[in-house]
Amino acid sequence: MIVVMKADASLEQVEAIKSRISEEGLRPSTVEGSERTIVGVLGSITRDHETALERMPGVLQILRVSRPYKLASREFHPEDTVVQVGEVRVGGGDLAVMAGPCSVESKEQVVKTALAVKTAGANMLRGGAFKPRTSPYSFRGLGVEGLEYLAAAREETGLPVITEVMTVEDLPAVSEFSDVVQVGARNMQNFNLLDAVGQQSKPVMVKRGLSATIEEWLLAAEYILNQGNPNVILCERGIRTFETATRNTLDISAVPLVQKLSHLPIVCDPSHGTGKWYLVQAMAAASVAAGADGLMVEVHPDPDHAKSDGAQSLTFENFGLLMDQVRALSKVVASDGPVGARAQ
Ligand code: PEP
Ligand code: MN
């Protein structure tokens, strides 16, 4: 349920509403919008709560939120969330481009890639140090050593770093070294990990699970928001379908749909979304055209010798071509105003 305050409601009236909500054993969550304040109510709400709050001074109306996620919903938070990562804004009309190798393999590899993607126009560096791999015999990442190399690349380029955390035990190190903590597709429903990333202060990017519905994905974001971390980014990275010609099916429709249902920024990952380097540029362009707030793209100095995901990694040259197209496209999309659902 949400309590929509009148535009001229006083601070005292808002405070009184919050106290009443707490007295009832419920939890208030206040969002001050540019026009009016909204007080979200979390907990087991009854009809009596609704009538009691409806009568209080300063209240314009009470709205029931029937969706299972609340804090992640547009109703609770009508204005777009913008996640600030250093100087980079994820959301709010800017395009965040996170690029780098699938896995951090050496200091030289990650620094070289960071310099190249920065020159091409990326504004964040990606790279996995803790790698979720289907086979236990595959390269599983350099661990903390990899985090140190990412930090060295940040030092060299000024690019903020996003990297994956796989377990609650690794979180203190990942959180310390990174600027954005990534929860991978395979961990989207690791509820203990979601709670833990919600309790630390770095922004979190949650990738959509391999077979997750949009609702399950937004509920994963809800776990993090519910622990008090408001800086959540969603990442569409393709879902499993019957199709085997591509690694996954990139669900571009998720972009405007999520923007309708939620205030959280959404980024697309056409690398994992397709599994094929020659499809990445087209899908990156499609994501931007659909209104995505950012891209995550795998780039490697020598994709043929990459320790993971070489088949979907771009060379520096191809990443440059992708950026040229995306830059041109994002100007057209931005000058046209907000797209799709966000405009309504
Ligand atoms: C990754 O980004 O390195 C990764 C493993 O992606 P996903 O969790 O989407 O498979
Ligand atoms: Mn990868």
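1. Start with the four-stranded sheet of this predicted model: an open sheet whose strands come in the order 2-3-1-4, with antiparallel pairing. At the edges stand strand 2 (27–32) and strand 4 (59–63); each has a single partner strand, so one side of each is left without a neighbour in the sheet. From one strand to the next, the twist averages 20 degrees.

2. Going through the pairings, strand 2 and strand 3 (residues 37–42) are joined antiparallel over six bridges. If you want a register mark there, Arg-27 stands opposite Leu-42 in strand 3. Helix 2 (residues 47–54) packs on this sheet and touches strand 1 (2–5), strand 3 and strand 4. The direction of helix 2 makes about 165 degrees with that of strand 4.

3. Strand 1 has two partners to check. With strand 3, strand 1 pairs in the antiparallel sense over three bridges, and Val-4 has Ile-38 as its bridge partner there. With strand 4, strand 1 also runs antiparallel, joined by four bridges; here Met-5 stands opposite Val-59.

4. Are the faces of strand 1 covered or open? Both are covered: Ile-2 and Val-4 sit on one side, Val-3 and Met-5 on the other, and all of them are buried.

5. One residue of helix 2 deserves a look, namely Glu-50. Glu-50 has 10% relative accessibility, so this acidic residue counts as buried, the cut-off being under 20%. Not counting residues up to four places away in sequence, Glu-50 touches Met-1, Ile-62 and Arg-64.

6. On the domains: the assignment for the protein gives domain 1 (2–63) and domain 2 (83–343). Their C-alpha centres lie 36 Å apart.

7. Now the metal. Which residues coordinate the manganese ion (ligand 2)? They are Cys-102 through SG, His-272 through NE2, Glu-298 through OE and Asp-309 through OD, at 2.0 to 2.3 Å. Along the chain the donors follow the spacing C-x169-H-x25-E-x10-D. Cys-102 lies in the loop between strand 7 (96–100) and helix 3 (107–120), and Asp-309 in the loop between strand 14 (294–298) and helix 11 (316–335), so this pair ties together parts that are 207 residues apart in sequence. As for accessibility, Cys-102 comes out at 3% and therefore counts as buried.

8. Then there is Tyr-149, which has its place in helix 4 (residues 144–157). Is Tyr-149 buried or exposed? At 19% relative accessibility it counts as buried, with the cut-off for that class set at under 20%. Leaving aside neighbours within four places in sequence, Tyr-149 is in contact with Val-104, Ser-106, Lys-107, Val-110 and Leu-142. Lys-276, by comparison, is 127 residues away from Tyr-149 in sequence and 27 Å away in space, C-alpha to C-alpha.

9. Strand 9 (residues 161–164) is worth a glance too. Val-161 and Thr-163 point one way from the strand, Ile-162 and Glu-164 the other way, and all are buried. Strand 8 (residues 124–126) runs parallel to strand 9, and two bridges join them. Within that pairing, Arg-126 has Ile-162 as its bridge partner.

10. Finally, the aromatic pairs: the structure holds two. In one of them, the rings of Phe-191 and Tyr-223 have centres 4.7 Å apart and planes at 25 degrees, so the pair is stacked. Phe-191 belongs to helix 6 (residues 191–199) and Tyr-223 to helix 7 (residues 214–226), so the contact ties together parts that are 32 residues apart in sequence. Phe-191 is partly exposed, with a relative accessible area of 34%, and Tyr-223 is partly exposed at 33%.

11. Trp-277 and Tyr-278 form an aromatic pair of the edge-to-face kind, 5.8 Å centre to centre with 85 degrees between the planes. Trp-277 has 41% relative accessibility and so counts as partly exposed.

Definitions and conventions
Residues numbered from 1 in each chain as written. Chains lettered and ligands numbered in written order. Predicted model: local features only at pLDDT ≥ 70, side-chain atom pairs only at ≥ 80, totals over all residues. Heavy atoms only, no water. Pairing = 2+ DSSP bridges. Axes fitted to C-alpha atoms, helices over the stretch in contact; angles between N-to-C directions. Contact = heavy atoms within 4.5 Å. Donors = N, O, S within 2.8 Å, 3.2 Å for Na, K, Ca; no water. Buried < 20%, exposed > 50% of the residue type's maximum accessible area, 1.4 Å probe, protein only. Domains from an automatic or database assignment. Phe/Tyr/Trp six-rings, centres within 6.5 Å; stacked < 30°, edge-to-face > 60°.
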